[in-house]
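Work through these exercises with the model open beside you. Try each task before you read its solution.

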Amino acid sequence: MTAVATSKDGSKAEAASSRTPIVFIPFVLGVVMLIGYFVLPFINQPELGATTIPLLTANRDNNELDVITNGLRLLWLSGVVVTALGVWSIYEPRVDRTVSVLTVIGGIVALTYYVIFYMDYRAEEATFFSSIGIGFWVMIAAAVLMIVQVAVPRGQPAKHFEVQYMLGNQETVLILGIVALLVIVGITNPRFLAERNLLDVLQGNAYIAVAAIGMSVVIVTGNIDISVGSLIGLLAVISGRLVVNGAPVIIAWTLPILIGIGVGAFIGALVAYLRVPSIVVTLGMLSILKGILIIWTNGERVTGMPEAFFLAQQRYLGVSVPIWTMIILTILAAIWMRYSQLGRSLYAVGGNAEAARLSGISPRTVVLQAFMINGLFTGVAAVLYATQFQVIQATPPPSLELFIITAAVVGGVSILGGVGTAIGATLAAILLNMIRSALVFINVSPFWIQAVQGTLILVTVLADLLRRRRQRQRG
Amino acid sequence: MADPILQLQDVHKRFPGVHALKGVQFDVLPSEVHALLGENGAGKSTLIKIISGVHRPDSGEMYLEGQQTHFNNPREAQQSGITTIYQELGLYPELTVAENIFMGHAPKRRIGPFEMVNWRHMEDRALELLAELNIHDLDVRRKVGTLNVGNRQRVEIAKALSLDARILIMDEPTAALTEADVERLFNIVRLLRERGVSIIYISHRLQEVFELADRVTVLRDGEYVGTRPVADTTEDQLISMMVGRTIENLFPKMDSEIGDVVLEVQNLVNEPTTRDVSFTLRAGEIVGMAGLVGSGRSETAQVIFGMLPAQSGTVLVNGQPVKINHPSDAIRHGIAYVPEDRSTQGLIREMNIRENTSMAVMDLVTALGAFINPGRERALAADAIDQLGIRAYSTEQTANKLSGGNQQKVVIGKWLSSNPRVIIMDEPTRGIDVGAKSEIHRRMSQLAAEQHLAILMISSELPEVMGMSDRILVMREGRIVAEYSREAATQEDIAAAMMSEPTPQEAS
Amino acid sequence: MVATEKPKLITAPTFADRLRNLALSQEGVLFIITIIAILLLSTQNENFLTASNLLNQGRLLAEVGLVALPMTYIIITGGIDLSVGSIFGLCAIILGFSWQEWGFPLPAAIALALFIGGFAGFVNGIFIVRVRVPPLIMTLATLALYRGLALGISEGSSARGFPEWFFTLGQGRFMDVPTQIWLLVIFTVISGVILATTTFGRSLYAIGNNETGARFSGLPVDRYLLMIYTFSGLMSGLAGYIFVSRVSTTRSDMGTGLELDVIAAVVLGGTSIFGGTGSITGTVIGVILIQLLKNGLALSGVTSDATIIVIGTVLILSILVNRLLENYKAA
């Protein structure tokens, strides 16, 4: 059913009259949990802090026990309430379905964690941060969003709830996938949920996510870049060599990014102005860049970088730089792609280049800029990759470009152009890497990991495809 | 008479090998609908592309409100208030209605140093624009790819309005519309005219010109033929202006001796487009199939032809039940299908006439069962060129270099090569100029009368259905709802049968 | 009534037309580049233009050449097969392990490997045809999957110690010419003739230019697509077998990156990546040119790995030249 455009005054009045107190419950609950989460531990045992509360085991003292029992109680209580609230909001037309789904997911996560911890106190590495934390933050975010949505009247009422609409959102599917993975693998092996492991997964994956965002920008315009793996390898070595040869660290960080943009501009110019198909140009560039890398390094790893160089090992507010970079770039790219003129032009060019030209958008310039932006993201990814370990390998991880393209595609980018988001690309990169890590935790033989991963990628892609097809048939 | 808002004088445009416009003049008054007529290749497209800034004229002047102007690109034309709605719709299927309307000029909001697209404002403005057009049933957040053609066109018009268009160019806007959508479109056009927008209206359907336009200008072979007030002209006059000669008869139907039943369809079902369809087709007979776009005519034809699966039902050829699971089965049983969309379904446009002609019957031109014999292939193509009067210099000419009418003749030639007993023609003359149309009609008559082919002609043009058919079937919502003999049929009856229940609007 | 005067119909292209088209075609350009490359390289090194060197190079290019044949078909239909390298590796592993670990007789192991190759291609095809997964996506996924299977089955170890007769295909000679060159020549000629002269070949071009149009013309599009993807898997398996026979061992990472070499050769040979045009002749020249460049540069003292720079450059340049020629032809 299409929503009928009611007059604006009508919907405003309606919104004002039905601002029921029930929507504020998650908010209140959030505040209570916030207090419970940050304040209670400090009252009882200040030195423990928020992130390192040990778990309920036989040799814990009563004080700690109280804290944890409080936390767990809070967990199941809020889990139940928030789940119920999320379900209710599904039928509330003013709440966006994504928010409803997020809320339900938050509630279920909280409950699941409660069950896991109730069953298995001995998960030694599991900490409060990873247990209550994730469900908690999701709940808070969803609740705040919901309040904003209900409180602020919109020009037209939000769409009626439709399962297909909700599933039509690739980001929702990916979040569901990630949550399902966390829950299933978490039940099998709670260590998977340990803070350190989850951070490791995110950190190791960050540079791929960053590159996948750049890739999705290119694919949205209907092009592709298969040289990205070689470029990351080359830029990483450039970065390392620079600093080893005495260049200031800041130069070693920024110059590769500039070179990345330059290479992107070169590829973009060939594609946009000389009209060579992008798959051919980047296939050629893949060979060229790889060749340069091999000649230059002679297969030798780069070592002996100064301590200050390792950007990816630095932490701010307890979270490492790669994760910050990933989060910030994802948000910036998402905003840019949705709200900027050029960002929207990407979709226009990818969706219908001729129409874009007639609306005064220059497809050539847009394609050129898309490749330059991809170069920028590749550069950043290369710096993250270069600075994460003490050595820089002479060759990038094999099939890196395929992993990046897969992340972009699983993230909902249509290979035909015109569709896709940055958030999807990042979530997909996280999911793919998490699958890899999860397989280790459920004791899959390391030799079979790639096969299982391949199957899962295939299943994800197929599911996405069928979902889109159903959607189209519906319309 | 008011001063023209737009005036072109002595415009010339040459392309490599073609002198597309030879000193054409054209003017548009404020608040008028000015129809532009001409056969394909007469220069209409070139003229509107010059007006909308896609091409620059080689010589000649253009005056906008008395000021001499020229546009370097479509954007400049848009900024001066000239917007075009092209035949191949200029929309982005994966983006929302609101965004399509505002692509390239979305409302912005300044946040710090950044200009951001203001989505809320954009959606509100889109709703307002649609409301101005009396459109209240479009969800502005819906993806355009999920809309039907009529609604997409409304989005295009709203897009033009969002640019504050003073002159709106519509290139064959009704080509793909249902009758109901055409009526809605006409209402919108009249509404726009009342508001002071001038409309340049291009169409092949003369009927529409008389219904809608104030004045009409005719081009022929790149030359200006004349401009007339619609009230002072007749259909015949316009046709003779367009083709430079009088066409005696647009529908040269010959009397044909009607023979035995060749094709019989019994209770054919393919939900939701084909619901229990039964009819017969006799040798030498042309059966017209009328119905709204979306009534299931093409889908039914495609089920018979094996492109779509039949869920149940029987097809009998010469009284024998046949199993058709694939088009190749249909071809073997002597059924041919000239599809609706010649550029994507009918032809391989990148391939030449020879290759296209043999495409459905490659087995006929092979040696040893698999190897194509180019000599026989060429003979087959030359035969088709000859028989159908295709204007081409060689069998090796690429199909997309031909005009629409000649392309359609190649498609028909390809299917005649398969020696069919039954030929289903889906919109055989859509988007084809009057001259070629009459030739195709004449050829159809000959096929039925002289070669005793059974022809099922699906058409959305009632005059064509009335003029060409021995018998007329009307489809609505996947069912055949009425049948008329040639003598008994009236346009009113058929139209009523096509629409007798209110057509449901898509997905609502 | 329309007076249809009949213009004189030219039914066949003139010889001059054909010559002009040939010279301006990608094959023509490539052929000239190849000749120049041979001349240049032979002046650089006297060993280059010797029969033994050239035959040895033929041995090396056979694997890429065999896989490039079905790849040409696939790219002509507008598809792509990225999984060939993984199928290559998977078949090598299946061959080695079914023989060494599972106790198959060697001929049966070879047959099984080829069957698995064909089956892997068939799986690609069936999803592309029935579920309509875009080929790029489908084969990207199976690239990971098949490689993973190879890794999982082999558990990282390798098989060796094949009997002497097994090496005939990879290391032996027939009438002084390496065995696999014979095989390559036979397959090339057959593939070339099929593509250029049969209804099957014509249908592939039709599918590549306009798949919908091909379907409406009654061509068995699905069956043909299924056939060429299966063919691609089969040839990858055969190439894998030849490779094992040449290097005497199996490893799960064999054929990594093969897809890029093969696609580069096909595209270099003038097959449009968007489908609809291309030829086996072009592909053959593409494969040969790449191998000659690798060899010639290696003989001239360039590191073998570095030759890929030249290949990349040649690839981009040749397509660029082709584009410019097209513009010239169109004008």
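The exercises go from one chain to chain contacts, then to a sheet and to single residues.

This is a predicted model, in which local features need pLDDT of at least 70 and side-chain atom pairs count only at pLDDT 80 or more, while totals for chains, interfaces and linings use all residues. Residues are numbered from 1 along each chain as its sequence is written, and chains are lettered from A and ligands numbered from 1 in the order in which they are written.

**Exercise 1. Chain A**

Task: State how many helices and strands chain A has, and what percentage of its residues is buried.

Solution:
- Start with the elements. Helices (H or I, at least four residues) and strands (E, at least two) are DSSP runs, numbered from the N terminus.
- Chain A has 18 helices and 2 strands.
- Next, burial. A residue is buried if 20 or more other C-beta atoms lie within 10 Å of its own, exposed if 12 or fewer, and partly exposed in between; C-beta atoms are placed from the backbone.
- Of the 475 residues in chain A, 50% are buried.

**Exercise 2. Two helices from two chains**

Task: Describe how α11 of chain A meets α12 of chain C.

Solution:
- Two packed helices are described by the angle between their axes and the distance between the axes.
- Take the elements. α11(A) covers residues 278-297, and α12(C) covers residues 258-268.
- Their axes come within 11 Å and cross at roughly 125 degrees. Axes are lines fitted to C-alpha atoms, for helices over the stretch in contact, and angles run from 0 to 180 degrees between N-to-C directions.
- Therefore α11(A) is oblique to α12(C). Angles under 35 degrees count as roughly parallel, over 145 as roughly antiparallel, 65 to 115 as roughly perpendicular and the rest as oblique.
- Now list the contact residues. α11(A) brings A:Val280, A:Leu283 and A:Leu286, and α12(C) brings C:Leu260, C:Ile263, C:Ala264 and C:Val267. Two residues are in contact if their C-beta atoms, placed from the backbone, lie within 7 Å.
- Sort them by class: 7 are nonpolar, none polar and none charged. Ala, Val, Leu, Ile, Met, Phe, Trp, Tyr, Cys and Pro count as nonpolar, Asp, Glu, Lys and Arg as charged, and the others, Gly among them, as polar.

**Exercise 3. Chain B against chain C**

Task: Give the residue counts and classes for the contact of chain B with chain C.

Solution:
- Count first. Chain B places 35 residues in contact with 27 residues of chain C.
- Find the elements. Those of chain B that each supply at least two residues to this side include α13 (374-388) and α15 (434-451).
- Classify. The side of chain B that touches chain C has 17 nonpolar, 10 polar and 8 charged residues.

**Exercise 4. A sheet in chain B**

Task: Give the strand order of the open sheet of 4 strands in chain B, then follow its pairings.

Solution:
- The order is β14-β13-β16-β17, with antiparallel pairing. Two strands pair if DSSP finds at least two bridges between them.
- Find the edges. β14 (274-282) and β17 (320-322) of chain B each pair on one side only.
- Check the turn. Neighbouring strands are turned by 20 degrees against each other on average, direction ignored.
- Add the helix. α9 (residues 297-305) of chain B packs on the sheet and touches β13 (261-270), β14 and β16 of chain B. Its direction makes about 110 degrees with that of β13(B).
- Go through the pairs:
  - β13(B) and β14(B) share 6 bridges, and a hairpin joins them through 3 residues. B:Leu268 stands opposite B:Val277 in β14(B).
  - β13(B) and β16(B) pair over 5 bridges. B:Leu263 has B:Val317 of β16(B) as its bridge partner.
  - β16(B) and β17(B) pair over 3 bridges. B:Leu316 is opposite B:Pro321 in β17(B).

**Exercise 5. Positive phi**

Task: Is B:Glu427 buried or exposed? Is C:Arg132 buried or exposed?

Solution:
- Take B:Glu427. This residue is in the loop between β21 (422-426) and α15 of chain B. Its phi is near 50 degrees, a positive value in a residue other than glycine.
- B:Glu427 counts as buried because it has 24 C-beta neighbours inside 10 Å.
- Take C:Arg132. This residue is in the loop between α5 (106-131) and α6 of chain C. Its phi is also positive, about 60 degrees, although it is not a glycine.
- C:Arg132 counts as exposed because it has 11 C-beta neighbours inside 10 Å.
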